Amino acid sequence: MRAFRLLALPMAVAAFLGLAGCNKAPPVTTAKAVTAGNVDAARIQAADHNAEWVSGGRTWSEQRFSPLEQITRDNVNTLGLAWYHEFDADSDRGMEATPLIVDGVLYTTTSWSRVHALDARTGQLKWSYDPRVDGQKARDACCDVVNRGVAIWNGKVYVGALDGRLIALDAGTGKEVWSVQTTDTAWPYTITGAPRVVKGKVLIGNGGAELGVRGYVSAYDSETGKLAWRFYTTPNPEGKADGAASDKVFTEKATATWFGEGWKKTGGGGTVWDAITYDPVTDLVYIGTGNGSPWSHQARSDGRGDNLFLSSILALKPDTGEYVWHYQTTPGDSWDYTATQHIMTADLTIGGQPHHVVMQAPKNGFFYVLDAASGKLLSAEKYAGVNWAEKIDLATGRPVDNPRTRYLKGGLSRLSAGPNGGHTWQPMAFNPRTGLVYIPAHRDGFTYKQDPTWQFLRGRWNLALEGAFGPLGPPDTRPVEKLSAAGEAVLAKLPAGGGYLIAWDPVQQQPRWIAAEDNAWTGGVLATASGLVFGGSDNTFNAYDAVTGKKIWTDRTAAAVMAAPATYEIDGVQYIAVTVGYGGANAMIGGRFPRRPGRIYVYKLGGTVKAPDFAPHVPAPPLDFRTVTASSGNVAHGGKLLADWCLSCHIGGIYTPDLARSPRLATPELFREVVHAGALRSRGMAGFDAWLSTQDVEDIRAFLLGEARKAR
Ligand code: CA
């Protein structure tokens with residue numbers, strides 16, 4: 001790493017001279033020269049000691065811990081904006097990316113998979129790239145048209161586009177170098193996660209298990225975009241070999257854990273939509289896999305079998321994709337308990353012994369510590385309210401759950417956690433000095449009941465659950481069923497509702513402190529060596545004392561902060577950068593805030609820039625019935641169709657339009673133009689003519705007219 005710094009110096013000097021001379025980078029003299037985004041393995045490793053943020057979680061460990069110490073507990077009260085930037089009008093959807101900062105340039109993504117490069121000192125926009133994703137693709141995104149950031153390697157910036165493309169851009173110009181379609185476009189795959197580059201290969205997964213897809217992770221040559229290997233996380237539905245890295249382990253043990261026919265229609269799920277972590281110590285890549293598809297284990301696999309590799313952490317060889325080990329957090333998942341959440345590596349001393357470990361807080365509410373080389377479970381305890389399982393048996397590595405949890409034979413289970421999890425994609429952080437993992441967690445409960453009439457229909461949500469998203473109305477806030485004794489003990493320490501930031505001791509497996517936030521979710525976090533934890537919330541960005549949990553600084557941000565911050569230092573000034581904007585899963589399921597353009601806020605000590613507030617939200621007026629052509633559509637049928645096709649996005653709240661106030665309800669033609677023909681597709685409202693008949697659409701209008709009347 002020292003050698004790299006010396007080599008890098010002349011290049012930096014040359015770049016500086018070029019800029020000083022003509023305000024323009026010097027011409028590239030050789031085809032191989034890399035003038036921007038010069039990241040390699042040594043530099044990601046060296047990030048342990050320098051002031052950049054060159055990879056997703058800063059270093060290979062994904063700890064999101066920075067050694068920078070200029071901003072401290074004592075001076076953080078003078079933190080203010082150094083600059084901010086408001087992105088284009090289409091950035092008014094969820095903002096989930098952590099920016100990367102390389103050689104004074106800040107790279108980030110916004111909704112619709114757009115990429116932006118800004119001067120990290122001034123915020124001046126250097127270039128933007130728009131992959132021009134078809135607005136109709138929003139129909140396939142369970143949780144908004146979000147993107148969680150880029151990877152940078154050898155002069156290129158890599159982004160996964162919502163429509164399944166993996167795209168390499170020139171880091172200096174933002175021009176496309178190559179683009180590959182990583183998914184079968186006949187299926188509702190999406191990409192929202194950030195790629196990682198490991199040993200010259202770009203690793204990328206995908207999402208879509210709610211609608212029905214078969215999960216996998218792929219590795220592409222970083223220079224050419226050629227596929228190097230692929231690992232599927234569920235068996236081939238036709239019983240064939242895939243010719244993929246996963247074939248061997250499926251033949252040997254994984255296919256035998258699947259039963260029945262349901263999964264063969266949907267692909268089974270298990271999507272790799274977020275965590276991809278490389279560990280140079282073990283030379284393994286750890287990926288997290290998602291929930292089953294459909295959700296119901298009964299409908300998917302006749303209620304039998306573990307269904308490998310759903311809800312698992314998988315360790316693969318980065319050169320070949322070869323299977324090394326797996327740990328399944330939720331065998332036979334039936335609750336959307338993904339294990340795609342952030343995976344980090346760390347060195348812990350447990351029982352007096354040093355351990356190199358993998359840590360994860362997946363949706364199911366348990367915090368797992370595994371041996372990084374072998375995958376052996378070292379410990380697992382509840383960090384959230386959990387009633388689906390009493391505990392994890394350390395001898396078998398399996399949860400001790402009760403049969404009622406599985407809502408079999410028409411049974412109904414009100415469980416915690418629910419599909420939003422005790423913690424989801426919002427990244428956690430680990431401070432090796434305090435020994436604590438900071439988890440942006442929240443309370444969650446959900447009522448599960450199987451839909452015995454479920455039929456797979458490609459393109460629709462396929463949960464095989466009854467009433468999961470309807471009818472229109474407030475969310476189900478009934479308390480969960482009595483928790484286990486251990487679950488009650490955890491719950492007693494948590495705030496009554498909403499999001500909380502929890503400082504978790506991964507050695508003792510218990511909370512050290514809990515900071516309650518008056519919000520639904522807590523944003524991703526950053527830990528610094530100076531003993532601070534930064535993280536967002538509804539309309540605020542905050543700094544907490546890493547040891548006590550006391551909130552010691554807050555800034556009103558004009559919009560919610562869900563993304564995790566990054567920090568970097570240039571010319572002796574430490575900056576904290578965070579993308580700001582509301583959206584994502586929480587917004588889609590009844591969001592409390594309207595759509596606003598996304599921004600990035602960059603703070604420094606003594607910063608005095610003020611970001612303006614947005615204009616106040618004005619609710620749409622109630623439907624003017626004088627304009628309405630009455631409907632003779634079937635109201636009951638319309639309500640059922642609405643639940644099946646519309647409510648996964650339009651479930652209430654003000655983030656997506658309130659359908660009962662839409663002036664488009666006035667006539668069958670106006671309504672059909674949007675719902676059938678996709679007149680608003682460029683804004684993310686797809687047409688549904690492939691599935692719904694003219695009469696179906698009119699039935700939905702009839703139902704909504706009834707709702708509009710009630711609203712008046
Ligand atoms: Ca899911």
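**Entry: strand S21**

I began with strand S21, residues 366-371 of this predicted model, and asked how many of the six residues are buried. I found six of the six to be buried, so I wrote down that strand S21 is largely enclosed by the rest of the structure. I then looked at each face in turn: Phe366, Tyr368 and Leu370 lie on one side and are buried, and Phe367, Val369 and Asp371, on the other side, are buried as well, which leaves both faces covered.

Next I asked which strands pair with S21. Strand S20, residues 353-360, runs antiparallel to S21 and is joined to it by four bridges, and I noted that Gln360 stands opposite Tyr368 of S21. Strand S22, residues 377-382, is also antiparallel to S21, here with five bridges, and in this pairing I found Glu381 of S22 as the bridge partner of Phe367.

I also looked at the turns of the two hairpins. The hairpin of S20 and S21 has five residues between its strands, and there Gly365 takes a positive phi near 95 degrees. In the hairpin of S21 and S22, again with five residues between the strands, I read a positive phi near 80 degrees for Gly375.

**Entry: the cysteines**

I looked up how many disulfides the structure holds, and the count is one. The partners are Cys142 and Cys143, whose sulfur atoms are 2.2 Å apart. I reminded myself that a disulfide is a covalent bond between the sulfur atoms of two cysteines.

Is this disulfide left-handed or right-handed? The torsion about the S-S bond of Cys142 and Cys143 is about -105 degrees, so I recorded the disulfide as left-handed. For the surroundings, I noted that Cys142 has a relative accessible area of 23% and is partly exposed, while Cys143, at 26% relative accessibility, also counts as partly exposed.

I then checked two further cysteines. Cys646 is in no disulfide, since its nearest cysteine sulfur, that of Cys649, is 9.1 Å away, and a pair must lie within 2.5 Å to be called a disulfide. Cys646 has a relative accessible area of 15%, and because buried means under 20%, I entered Cys646 as buried. Cys649 is in no disulfide either, and for Cys649 the nearest cysteine sulfur is that of Cys143, at 9.1 Å.

**Entry: the calcium ion**

I asked which residues give the protein donors of the calcium ion. They are Glu210, listed twice through OE, together with Asn291 through OD1 and Asp336 through OD, and they lie 2.4 to 2.8 Å from the ion. Along the chain these donors follow the spacing E-x80-N-x44-D. Asn291 sits in the loop between S16 and H5, whereas Asp336 sits in the loop between strand S18 (323-328) and strand S19 (343-350), so that the pair, 45 residues apart, links distant parts of the chain. I also checked the exposure of this pair, and both Asn291 and Asp336 are buried.

**Entry: cis peptide bonds**

I noted a cis peptide bond between Ser293 and Pro294, with omega about -5 degrees. Pro294 lies in the loop between strand S16 (284-288) and helix H5 (297-301), the loop that also holds Asn291. The peptide bond from Ser416 to Ala417 is cis too, with omega near 0 degrees, and I placed Ala417 in the loop between strand S25 (412-415) and strand S26 (429-431).

**Entry: positive phi in two arginines**

I looked up Arg58, which is not a glycine and yet has a positive phi of about 80 degrees. Arg58 is in the loop between helix H2 (41-46) and strand S1 (65-66), and with a relative accessible area of 2% it is buried. Arg132, which is not a glycine either, has a positive phi of about 50 degrees. I found Arg132 in the loop between strand S6 (125-129) and strand S7 (151-153). Is Arg132 buried or exposed? Arg132 counts as exposed, at 69% relative accessibility.

**Entry: confidence**

Last, I checked how confident the prediction is. The protein chain averages a pLDDT of 91, and 93% of the residues score at least 70. Over residues 1-30, however, pLDDT stays under 50, and for this stretch the model has 18 contacts beyond four places in sequence. I added a caution for my own reading: where pLDDT is low, the predicted coordinates should not be read in detail.

Conventions: Residues numbered from 1 in each chain as written. Predicted model: local features only at pLDDT ≥ 70, side-chain atom pairs only at ≥ 80, totals over all residues. Heavy atoms only, no water. Buried < 20%, exposed > 50% of the residue type's maximum accessible area, 1.4 Å probe, protein only. Pairing = 2+ DSSP bridges. Donors = N, O, S within 2.8 Å, 3.2 Å for Na, K, Ca; no water. pLDDT = per-residue confidence, 0-100. Contact = heavy atoms within 4.5 Å.
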